[in-house]
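Me: I'm new to this one, so could we go through it together, one question at a time?

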Amino acid sequence: MTNFTRNTLKGRTALITGGAGLLGPRHAIGLSSAGAKVILTDINAEGLEIAKNKILKIYNEAHIETYILDITNLDAVKNFQKTYTSKNKYIDILVNNAALNPTMKKVGANVTGKIEDYDMDQWNDEINVGITGAFICSRVFGTRMAAEGKGVIINISSDLAIRAPDQRVYSPTMSFDDIQSYKPLGYSIVKTALIGMTRYLSEYWGHKNVRVNALLPGGVFNNQPQQLVDNVKKRTLLGRWTNLDEYEDAIVFLASESSAYMTGRSIVMDGGRSV
Ligand SMILES: NC(=O)c1ccc[n+]([C@@H]2O[C@H](COP(=O)([O-])OP(=O)(O)OC[C@H]3O[C@@H](n4cnc5c(N)ncnc54)[C@H](O)[C@@H]3O)[C@@H](O)[C@H]2O)c1
């Protein structure tokens, strides 16, 4: 729940992509408890229902609608925009949140997904959802925002846009010799691309009063293996992982008039890990 008032985003409509995942529902709780209507979208129909119930349990006044929407499909996103929005009703807050984060685990003696044997289908999927999907949604909803003379796009990037992953955190001995899994290259590429997209679109639509910013979260605690939890804590200035609800105010800040003079920029919230 946000610390902003219930009127902060009154009358505004927010669309969140990847809304059935871990963080999407938390963005929804922040935005709806600040007064916005929220449209939660994902390709996972069952996950969307679970997410909606989770949100309503925490904030029962939330105005949540759910839609199945594949953001990699330009026609589907255009159709959604056409059927959902009318002359007086449009998405004025877009949260580009969907991304793939494939795990690369040790199988037998080998760790799969290293640079040497990166699966090209996985690579294409990562780029397609994380970059192309964010571009398609920005293109479709941003164009309408520009026509209306008001709107906000928030790109969910990662601290991995501004630092290299330290693969040793996936090793029980914090060494390069026994790394059990790897953070895939695609993830770093996608999250860095969103910073470029943020800058480009902020220039492109700035004079139309469409602001584009990015949030760079650090890793959220979600019952990861103890050894990983401990290794990351040691590399984080605040000495802990973030809690699930700690980004809600940042999302509301970026969506609201509180950040009216901010565009093309990023908020880094990673407990100091990238410092
Ligand atoms: N969880 C973290 O620790 C963390 C840290 C930093 C940044 N982030 C970023 O935050 C965002 C959300 O992370 P999360 O942990 O909630 O991810 P998640 O994997 O839990 O959720 C992602 C959602 O995207 C959906 N999705 C996949 N393909 C799609 C498509 N084609 N169209 C629409 N939706 C699609 C999935 O079904 C899933 O529900 C991501 O961009 C991630 O990179 C997360």
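Me: What average pLDDT does the protein have?
Reply: Keep in mind that this is a predicted model, so we start with the predictor's confidence in each residue. Of the residues, 97% score at least 70. The average pLDDT for the protein is 95.

Me: And which element has the lowest mean pLDDT?
Reply: At the top end sits strand 7 (residues 151-156), with the highest mean, 99. At the other end the mean is 67. Where pLDDT is low, the predicted coordinates should not be read in detail. The element with that lowest mean is strand 5 (residues 104-107).

Me: On to the sheet. In what order do its seven strands come?
Reply: The sheet is an open one, and its strands pair in the parallel sense. From one strand to the next, the twist averages 20°. Reading across, the order is 3-2-1-4-7-9-10.

Me: Which strands stand at the edges of that sheet?
Reply: Look for strands with a single partner strand, so that one side of each is left without a neighbour in the sheet. Two strands fit that description: strand 3 (64-68) and strand 10 (266-269).

Me: Let's zoom in on one pair. Which residue is the bridge partner of Leu15 in strand 2?
Reply: Strand 1 (residues 13-16) and strand 2 (residues 37-42) are joined by four bridges, and the pairing is parallel. In strand 2, the partner of Leu15 is Ile39.

Me: At about what angle does helix 3 run to strand 3?
Reply: Helix 3 lies across strand 1, strand 2 and strand 3. Its direction relative to strand 3 is given by an angle of about 140°.

Me: Are helix 3 and helix 4 roughly parallel or roughly antiparallel?
Reply: Helix 3 (residues 74-84) packs on helix 4 (residues 120-148) with the axes 9 Å apart and an angle of about 25° between them. Angles under 35 degrees count as roughly parallel. The crossing of the two is right-handed. Helix 3 and helix 4 are therefore roughly parallel.

Me: How many nonpolar residues are in the contact of helix 3 with helix 4?
Reply: Helix 3 brings Leu74, Val77, Lys78, Phe80 and Gln81, while helix 4 brings Ile136, Cys137, Arg139, Val140, Phe141 and Arg144. Three residues of this contact are charged and one is polar. The nonpolar count is seven.

Me: How far apart are the axes of helix 1 and helix 7?
Reply: Helix 1 (residues 24-33) and helix 7 (residues 248-255) pack at an angle of about 55°, which makes helix 1 oblique to helix 7. They cross in the right-handed sense. The distance between their axes is 8 Å.

Me: Which residues of helix 7 make the contact with helix 1?
Reply: From helix 1 come Arg26, His27, Ile29, Gly30 and Leu31. The residues of this contact divide into five nonpolar, two polar and two charged. On the helix 7 side you'll find Glu248, Ile251, Val252 and Ala255.

Me: Helix 1 also packs against helix 2. Which residues of helix 2 make that contact?
Reply: Helix 1 and helix 2 (residues 45-58) have their axes 10 Å apart at an angle of about 40°, and they are therefore oblique to each other. Helix 1 passes helix 2 in a right-handed crossing. Pro25, Arg26, Ala28 and Ile29 make the contact from helix 1. From helix 2 it's Ala51, Ile55 and Ile58.

Me: Last one: where is Met174, a residue with a positive phi?
Reply: Met174 is not a glycine, yet its phi is about 55°. Asn209 also has a positive phi, near 65°, and belongs to the loop between helix 5 (185-205) and strand 9 (210-217). As for Met174, its place is in the loop between strand 7 and strand 8 (181-182).

Technical notes: Residues are numbered from 1 along each chain as its sequence is written. This is a predicted model: local features need pLDDT of at least 70, side-chain atom pairs count only at pLDDT 80 or more; totals for chains, interfaces and linings use all residues. Side-chain values use heavy atoms; hydrogens and water are left out. Axes are lines fitted to C-alpha atoms, for helices over the stretch in contact, and angles run from 0 to 180 degrees between N-to-C directions. Angles under 35 degrees count as roughly parallel, over 145 as roughly antiparallel, 65 to 115 as roughly perpendicular and the rest as oblique. A crossing is left-handed if the near helix is turned anticlockwise from the far one by less than a right angle, and right-handed if clockwise. Contact means heavy atoms within 4.5 Å. Ala, Val, Leu, Ile, Met, Phe, Trp, Tyr, Cys and Pro count as nonpolar, Asp, Glu, Lys and Arg as charged, and the others, Gly among them, as polar. Two strands pair if DSSP finds at least two bridges between them. pLDDT is the predictor's confidence in each residue, from 0 to 100.
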